[in-house]
Amino acid sequence: MKIFRPRRMAPARCALIIGMTLLGACATSQAAADALPANAQDDGAAERVRAIDAMLQRYLKPGVPGAVVLVTDHGRPLFRKAYGLAKVGENVALDPGMSLRVGSITKQFTAAAIMLLAEQKKLALSDNVGQYLPAFAGTVGAVTIEHLLTHTSGIRNYTELPQFVERMKSDISVDDGIAFFKDAKPEFAQGERFAYSNSNYFLLGAIIERVSGMPYADFMARNVFEPLQLTHTRIETGNAPPADVIGYTQERRKLTVSPDYSMRWPYAAGALRTSVDDLALWDQAIVHGKLLKPESWQRMTTSYRLHGIRVTGYGYGFFIRSIRGKAAIEHGGDIGGFSADIMHFPQQEIFIAVLANNDAGDPAPDELAAKIAALVLPR
């Protein structure tokens, strides 16, 4: 089974769970018309919509798990369409409004919660992790909250440790999760380099709980999702009951339902379930400085520099990179049975979301998002 990891632009890839087979089963006779919002008829929008749909139909085939795709231009919907099946055995089609697991995309929401607490003066990014988590007191040197946010702590990735796969199905407490990886030898001294590690964001979730006095899922609902009216977004806990959308994987080239496992393991690093519409609202919150102060969003979406000099290509929960020659803020997520990617191009104000319910796809969501970018970005 795959372990939750961020889907990154090829060829570089990092670590939290999923892949996908973006295949689709929407009626094609009205394909472009269904995907085109009423307000997107001018400035060549209709032509771009037809181009996106034609491209996606080359990869998304009927009768199999699929994907939901949304593109916005300056905050306005340009393209919104679902391809494929939410439940293969029952022949239930995916709908654009459905919520899917998005793996490591969770991290930017966790980072925003930390920034919210920082704005409220309840913590500082320079604080030592051991100040909040007794299990790490005196054991991680000067690892700070910012080291966790930027994946520069050196703390080993718990999803790559021995016995992790064996334990994935078991519900755990936050303390149990921390105990699983806290004694692993660090990869490097804090602040020395960048290395993606889910452990960093697991610990950030624990810090949120310690500072707020609330379970992580409750804090996120009350302080992030509800204020931004993200009505189809939640943090999953434990072994959740069957959802509207089932996740699929491939074993020995055969499509199968992804095995169940406890969502207490992905936790603040990857337990988010959301919709493309809510992700578009989230994107606009970043653009317009909602929830957080503009300077906090700016800090989150700026590449962290090691020793103030060497760029890491990662902010707080976001990869900062160039895609198709344009500056972009991007993050993907892989988690058993699901795969996702979101891209924002700040200069062009283009946002792209691709959420899939298959973790073994080719092309993967990040690759499809890049293909969409090639069709909508100005040359």
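Just after helix H7 comes Gly213, which has a positive phi near 75°. In this predicted model, the helix that ends there is a good place to start a tour. H7 covers residues 198–212, and its 15 residues should span 21 Å at 1.5 Å a residue; the end C-alpha atoms are 21 Å apart, which agrees. Of those 15 residues, 11 are buried, so H7 is largely enclosed by the rest of the structure. The buried stretch includes polar residues such as Asn198, Ser199 and Asn200, along with Tyr201, Phe202, Leu203 and Leu204. Gly205, Ala206, Ile207 and Ile208 are buried too. What do the buried residues of H7 pack against? Their neighbours are H3, helix H4 (145–149), helix H6 (174–181), helix H8 (216–225) and H9.

**The cores**

Helix H3 leads on to the interior. The largest nonpolar core holds 87 residues, and Phe109 and Phe181 have the most contacts inside it. Helix H3 (residues 106–119) gives this core its largest share, nine residues. Leaving aside residues up to four places away in sequence, Phe109 touches Met220, Val224, Phe225, Leu230, Leu272, Leu279 and Trp282. A separate core of 27 residues lies apart from that one, and Val49, Met343, Phe345 and Ala370 are among its members.

Val49 belongs to the buried residues of helix H2, together with Ala45, Ala46, Arg48, Ile52, Asp53, Met55 and Leu56. An α-helix has 3.6 residues a turn, so residues three or four places apart point the same way. H2 itself (residues 45–59) has 15 residues and reaches 22 Å from its first C-alpha to its last, close to the 21 Å expected at 1.5 Å a residue.

**Strands and sheets**

The protein chain has 12 helices and 15 strands. Three of the strands form an open sheet in the order S5-S9-S6, with antiparallel pairing. Strand S5 (100–101) and strand S6 (234–235) are at the edges with a single partner strand each, so one side of each has no neighbour in the sheet. S5 pairs with strand S9 (residues 272–274) in the antiparallel sense over two bridges, and Arg101 stands opposite Arg273 in S9.

Another antiparallel pair is made by strand S7 (residues 248–251) and strand S8 (residues 254–257), joined by four bridges. Here Tyr248 is opposite Val257 in S8. The hairpin of S7 and S8 has two residues between the strands, and Arg252 takes a positive phi near 50° in it.

**Backbone points worth a look**

Most residues other than glycine have a negative phi, and most peptide bonds are trans. If you are checking torsions, two residues that are not glycine and have a positive phi are set out below.

| Residue | Phi | Place | Relative accessible area |
|---|---|---|---|
| Tyr267 | about 50° | helix H9 (residues 267–270) | 8%, buried |
| Arg324 | about 55° | loop between strand S12 (319–323) and strand S13 (326–335) | 52%, exposed |

Which peptide bond is cis? The bond joining Asp362 and Pro363 is, with omega about 5°. Pro363 is found in the loop between strand S15 (350–356) and helix H12 (365–376).

**The chain as a whole**

Stepping back, 60% of the 379 residues in the protein chain are buried. Among contacts between residues at least 6 apart in sequence, 70% join residues at least 24 apart. The chain exposes about 15300 Å², and carbon and sulfur atoms supply 48% of that area.

How far can the coordinates be trusted? The chain averages a pLDDT of 89, and 87% of the residues score at least 70. Over residues 9–34, however, pLDDT stays under 50, although the model has 133 contacts beyond four places in sequence for them. Where pLDDT is low, the predicted coordinates should not be read in detail.

Conventions
Residues are numbered from 1 along each chain as its sequence is written. This is a predicted model: local features need pLDDT of at least 70, side-chain atom pairs count only at pLDDT 80 or more; totals for chains, interfaces and linings use all residues. Side-chain values use heavy atoms; hydrogens and water are left out. A nonpolar core is a set of buried Ala, Val, Leu, Ile, Met, Phe, Trp, Tyr and Cys residues joined through side-chain atoms within 4.5 Å. Buried means under 20% relative accessible area, exposed over 50%, partly exposed in between (1.4 Å probe, protein chains only). Contact means heavy atoms within 4.5 Å. Accessible areas come from the Shrake-Rupley method with a 1.4 Å probe; for residues, only the protein chains shown count as cover. pLDDT is the predictor's confidence in each residue, from 0 to 100. Two strands pair if DSSP finds at least two bridges between them. The expected span of a helix is 1.5 Å times one less than its number of residues.
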